[in-house]
Structures are given as C-alpha cells and as structure tokens.
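Work through the exercises below with the sequence and the model at hand. Each task is followed by a solution in steps.

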Amino acid sequence: QTPSGDLAARMKDPNQWPMAARDYANTRYSELDQINTSNASQLQLAWTFSVGADRGQEAAPIIVDGMMYVVGPYDGPYPNRVFALDATTGELRWSYAPRPEPAAKGVACCDVVNRGLAFDQGKIFLNTLDNHTVAIDAKSGKELWHTKLGEINRGETITMAPVVVRGKVLVGNSGGEMGVRGWITALDADTGAIKWRAYSTGPDSDVLISDDFKPFYDNLKGKDLGVTSWPADRWQVGGGTVWGWISYDPELNLIYYGTANPSPWNANQRSGDNLWSTAIFARDPDTGRAKWAYQINPHDLFDHDEINENVLVDLEINGAMRKVLIHPGRNGYMYVIDRATGEVLSADAYDHVNSYKGVDRKTGKIIPNDDKTPLLGQTINDICPAAPGAKDWQPSAWSPRTKLLYVPHQHLCMNFKATEVGYIAGTPFVGASVDMYAGPGGYRGEFMAWDPVAKKKVWEIHENLPVWTGALVTAGDVTFYGTMDRLFKAVDARNGNVLWQFRAGSGFIGQPVTYRGSDGQQYVAILSGVGGWPGVVANAEVDPRVRNGALGFAGATQDLPFYTAGGSELLVFKLGPGAAANAARPAPQDNSNAQPR
Ligand SMILES: O=C(O)c1cc(C(=O)O)c2c(n1)C(=O)C(=O)c1cc(C(=O)O)[nH]c1-2
Ligand SMILES: [Ca+2]
C-alpha cells in the first residue's frame, strides 16, 4: 500500500505545488521555466485576494489540480479560515472557518501565525492555533474529522504546516517560550486517530529508541538522556517543541525534523545538555522510532531553536556521493549531515558568529565561547547572532541546476540578560531580556546563495530589515524572496542580479510558490502582511517602543511596527501579455529531475 501515492504523484507534476515545501526533500524548486532570467522583468500582478486578517501572513499557498488552498492566521472574525480559489482566475470556490478558542491567542509566543496546509487523497489538512488538526474535503470544503492534540492551559499552540507521509498526518506543537514539552504526533489521515507521539524530552517510554539508535556522543550513552541531561523533572517543562519543517526520504523511510529551544531561555536554571532540545531527529514515520538524533546546541544559551528546514540532497563530497541533509542552523552554522547515519560532514558559519567558537570536526559538537555565556543578572553585550538566530523558520530553496541553496536570513546581534523565572503553566517561561540591533555592516537581513560542497557563499544581497520570507527557485534560474519593507523580488539565481521587484501594501514574511494555471501560464504567488515576532525583530533599534527589554512575548498583543502595516494580501503574478507570448513553451514532459539526485 502506498497511501501517499496521490501526493507523491503531484510532487512530480511541475504544474502543482502540493505541500508547503513543494516536495518531501523540501527543495522549494520548480521545474517551470516560462518565467526566466530574460523575461522576469515583465512580471505583472494577475489577481489578489485578502484572507481577512491583520496579523503575520506566513502561509504557503498549496496548489492541487488547478485549485489554490490558503489559510490565514488567528485574526479577524474568522480566525484560521481556509480558502479554496481557482488558481488561474482567483475565483473563490469555498471557505472553511473553524472556531478556534480565543484563549490560544494569549499563549502564542511569536504572533498568531499559520505556515500552511497539507494535502493527500482528496483531503486538505489544517492545524488551528488552539491545537486541533482538521481534515477538510478538498472538493466541498466540508469538515471530515478533527482531533485535539494539545492544551492551551499548558501554553501549547500549533503554528506549523502539517506534512502527510504514508497515510499519516505529522504535526508538532509550539510553546518553547511557555515551558511546554515538545512533541511530534502522527494522525491517521483517514480517521484522525492518533497513531503515535514522540516527545523531544523525557523518558524513552515516549521517545521510542531503536536498537541501532546512535546519539553520536562518546560521553552520552544510555537510553534516558532525555531525563538525565536535565535537573530533576525539568524535562517536563523543557521545551524542544516541533514547530518547523518535516522532510522525508522515501528510500530510507525516514522523516527528519528539528526541535526548539530548551525552556526557560535562562540556562542557569537548567544545568546539563537538555536533550533533545535543539536537535535533529530521524524517525521511522510508521512507528515513530528514532533512528538517530543529533543535538546542535547542547545546553542552549540563546534561544537557538533548531527547527529550520532540513533539505535532502545527494552531494559529491570528497569524491563520494553522499545522501545528506542541509540544515541552515539558527546558530549561524550551515550543517551538512549524512542523513542515513547522522554524521556531521561539515558545519561552517554563514553569518557573523561570536557566540560560539566553531563546531568540532571530530565530534560534531559545538564549541561555546565563554566570553559570551550569559551570567545571571548580568548583561552580556554584542552577542551574534541574536535570539532569532542567523536564520529563523523562513525556509531556503535548493536548485539542482545551480547546486546552490538560496537562504533568506537575519543579520542581528544582541545584548542579553538572564534573569530568574518561575514556572506557571500557560505563562511565559523565558527569564531573559534582549536588546537587538543590526550586525556588523549596519544591515539586518540578507538573501544569499550558498554552495554546500565548497562550503562558501556565492553571492549575497543585503537588506535593511531581516529577510523573513521563504525562498523559491525555478528551472528558469529565477529565485524569489520578499522584504519587510514591502518589496517582492525576482533574482537571477546564478549571480544575484535583481531582475524585478514589486512594492506591496505591507511587508512580506510569507512563502513564495509557483505553478502553472489552466491557461498555460506560469504564476508566482505569495502572501504579504507583517505581524508579531518578525515585526518586533524588524523594529529592533528602529522603533524605541521595542527596545530596552520591552520586547514582550504573547506577540499577538503587540503593536504593529509603523512602517510594515498589517493587512493581508495574497499577490499572484504572471508575465505581461507580450512577455508571455514570447516565452510560451510546452510544459516540460520529463519530470525525472523534479527531485534532486
Ligand atoms: O519554541 C517555540 O515553540 C517557538 C514557536 C514559534 C512559533 O510557533 O511561531 C516561534 C519560536 N519558538 C521562536 O523562537 C521564534 O523565533 C519564532 C518566530 C516565529 C515567526 O512566526 O516568525 N515563530 C517563532
Ligand atoms: Ca522558541
């Protein structure tokens, strides 16, 4: 039985974009090339749509069989509403409005966002902020089932886009700033029944560890590391949530995902490595069993969640083909890891890093910088990267043509003061005040192309504000990203030349996607609308209201930055009439390159 055959087939069809990351390898690469480096300057707005919400718009629209499905954040009269639109004309076919509990708003750390929907076997899957996964009939918009997965009262929320693998809907929780215990859960896609749940911290009764599980630490052997690497019982409120991306290798039958920061941020309250926070897990999607795990930031000091995307590619390294995953770490290092075994092959700084001294080649262990270690009650200045890291959740794109990774990211430093904090369920469990500002050179964001074999940057574009959108790259050698000061840009993937840009009504923190309409035209779509945590980060140093520790949590209640006004606008672009005629070519028939080799 191949329950995901339906979804997998659509991944091979370049006309569609059937999951937020486009494919299981998380490449965000499209074989479409109608829009290319010679005509991208002629892109024009085709149609727009508002999801009727004012907060941060982070969702990737998904495109299945000519329809576009898009979800809004928890805001407005119909929070987390799902819309089905004709992907070519923008005509609304149906909408589905869940009724999530308003209390969820108060416990979301970093705005009330939603990163997108999933699809398989005629169903759309939605995560609501109040911890429900919902299955909706893709044709009618009727709810088929819903399952409750977490507790608002404990500070749990869900913001991530679900991923369907072999008939299971995979979902992870948020709440690392609230002291929740992180988990990933697999639901039966047909019934909504919970099939397995694996916690990030705590005893192995929950984290199913297989016999050949390899922790890759000489000094850490045994099966209760999730317990013994914490002060007594602290793993129960230890974070390690799973709010980012899940990739899947069908050949190895392993899923890959990262876990978030340990709670609280004040590391003085949690001696030990705090396993398995800030770690990458490889698990069997059928049983939940861990094959390997690798902790990136043992005893994390700076809120460096490691939930960022793991991009699955095969690379020639030192003369041998290796099945790797590329993980642009929040800590500022670009990890290339053997995805069969978990062995770290390389880890190189891609931004200014002084909070660590590097990554040990032999052990794969990060080397702390004692000068930057936060001491209780003392402000440590000039720590780079800042708390949101050199890169947050905003996903990169990989081109099998250029063999480069296109990485949207921050360039921020901070002053950090650790303070004592008590645990009260459902309230912020942080214990730190943070003051952020532009990194060396005076800019706050960058969009860059990275060569993972040469282990170096190939080109870069500096931006005044953090670059907080996802990236997209196509066979036309065009890569797309947006800025928080309202520009959406098309860039030559080979050299970083900006080919085209569009000024929108609000800033961008969404995820660009591309597809072919029923009229044969290639379209590019992205949501605009800034909110919450990225808005705060954008304003570091710019807006005095968010300086000097006023940086709060429960971002939903924060003022919006003055120059990245809220609002939601789904913007859909295609080539202007003349350009389209010139560029019109038959759809590519050979899809064998849809997955990188
Ligand atoms: O530890 C967590 O559970 C958690 C959750 C989330 C989230 O769900 O949005 C963010 C973070 N942490 C976080 O550290 C962070 O920088 C962040 C940024 C954003 C965003 O939507 O831009 N969410 C989150
Ligand atoms: Ca976090």
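**Exercise 1.** Which residue in β5 is the bridge partner of methionine 68? Continue from there to β6, working in this predicted model.

*Solution.*
Step 1. Start with the strands: β4 covers residues 67-71 and is joined to β5 by five bridges, the two running antiparallel.
Step 2. Within this pairing, methionine 68 has leucine 85 of β5 as its bridge partner.
Step 3. On to β6, residues 92-96: four bridges join this strand to β5, again in an antiparallel run. Here leucine 85 is partnered by leucine 92.
Step 4. The connection between β5 and β6 is a hairpin with five residues between the strands. Glycine 90, in the turn, has a positive phi of about 85°.

**Exercise 2.** Why is strand β5 described as largely enclosed by the rest of the structure?

*Solution.*
Step 1. Take the strand's extent, residues 82-86.
Step 2. A residue counts as buried if 20 or more other C-beta atoms lie within 10 Å of its own.
Step 3. Four of the five residues in β5 are buried, so the strand is largely enclosed.
Step 4. For the background, set this beside the whole protein, where buried residues make up 60% of the 597 residues.

**Exercise 3.** Where does the UniProt record place the feature "active site", and is that residue buried or exposed?

*Solution.*
Step 1. The unreviewed UniProt entry puts this feature at Asp303.
Step 2. Aspartate 303 is found in the loop between β19 (290-295) and β20 (311-317).
Step 3. Aspartate 303 counts as buried because it has 27 C-beta neighbours inside 10 Å.
Step 4. Apart from neighbours within four places in sequence, the contacts of aspartate 303 are Asn261, Trp265 and Ala387.

**Exercise 4.** What surrounds ligand 1?

*Solution.*
Step 1. The shell holds 22 residues, and the closest are Cys110, Ser174, Gly176, Thr241 and Ala260.
Step 2. Sorted by class, the shell has nine nonpolar, seven polar and six charged residues.

**Exercise 5.** Describe arginine 283: in which strand is its place, and which residues is it in contact with?

*Solution.*
Step 1. Arginine 283 belongs to strand β18, residues 279-283.
Step 2. Arginine 283 is buried, because 26 other C-beta atoms are within 10 Å.
Step 3. Leaving out neighbours within four places in sequence, its contacts include Ala198, Leu254 and Ile255, as well as Gly288, Arg289, Ala290 and Lys291.
Step 4. Compare sequence with space: arginine 283 and tyrosine 24 are 259 residues apart in sequence and 14 Å apart in space, C-alpha to C-alpha.

**Exercise 6.** Which strands stand at the edges of the open sheet β27-β28-β31-β32?

*Solution.*
Step 1. The pairing in this sheet of four strands is antiparallel.
Step 2. β27 (397-399) and β32 (456-463) each have a single partner strand, so one side of each is left without a neighbour in the sheet. These two are the edges.
Step 3. From one strand to the next, the twist averages 20°.
Step 4. β31 (residues 445-451) and β32 run antiparallel and are joined by seven bridges. One opposing pair is methionine 448 and glutamate 460 of β32.

**Exercise 7.** What is the strand order of the open sheet of five strands?

*Solution.*
Step 1. The order is β1-β33-β34-β35-β36, and the pairing is mixed.
Step 2. β1 (29-30) and β36 (498-503) are the edge strands, each pairing on one side only.
Step 3. β1 runs parallel to β33 (residues 472-474), with two bridges joining them. Tyrosine 29 is opposite valine 473 in β33.

Notes: Residues are numbered from 1 along each chain as its sequence is written. Chains are lettered from A and ligands numbered from 1 in the order in which they are written. This is a predicted model: local features need pLDDT of at least 70, side-chain atom pairs count only at pLDDT 80 or more; totals for chains, interfaces and linings use all residues. A residue is buried if 20 or more other C-beta atoms lie within 10 Å of its own, exposed if 12 or fewer, and partly exposed in between; C-beta atoms are placed from the backbone. Two strands pair if DSSP finds at least two bridges between them. A residue is near a molecule or strand if its C-beta atom, placed from the backbone, lies within 6 Å of it. Ala, Val, Leu, Ile, Met, Phe, Trp, Tyr, Cys and Pro count as nonpolar, Asp, Glu, Lys and Arg as charged, and the others, Gly among them, as polar. UniProt positions are given in the numbering used here, feature names are shortened, and annotations may be inferred rather than shown by experiment. Two residues are in contact if their C-beta atoms, placed from the backbone, lie within 7 Å. Axes are lines fitted to C-alpha atoms, for helices over the stretch in contact, and angles run from 0 to 180 degrees between N-to-C directions.
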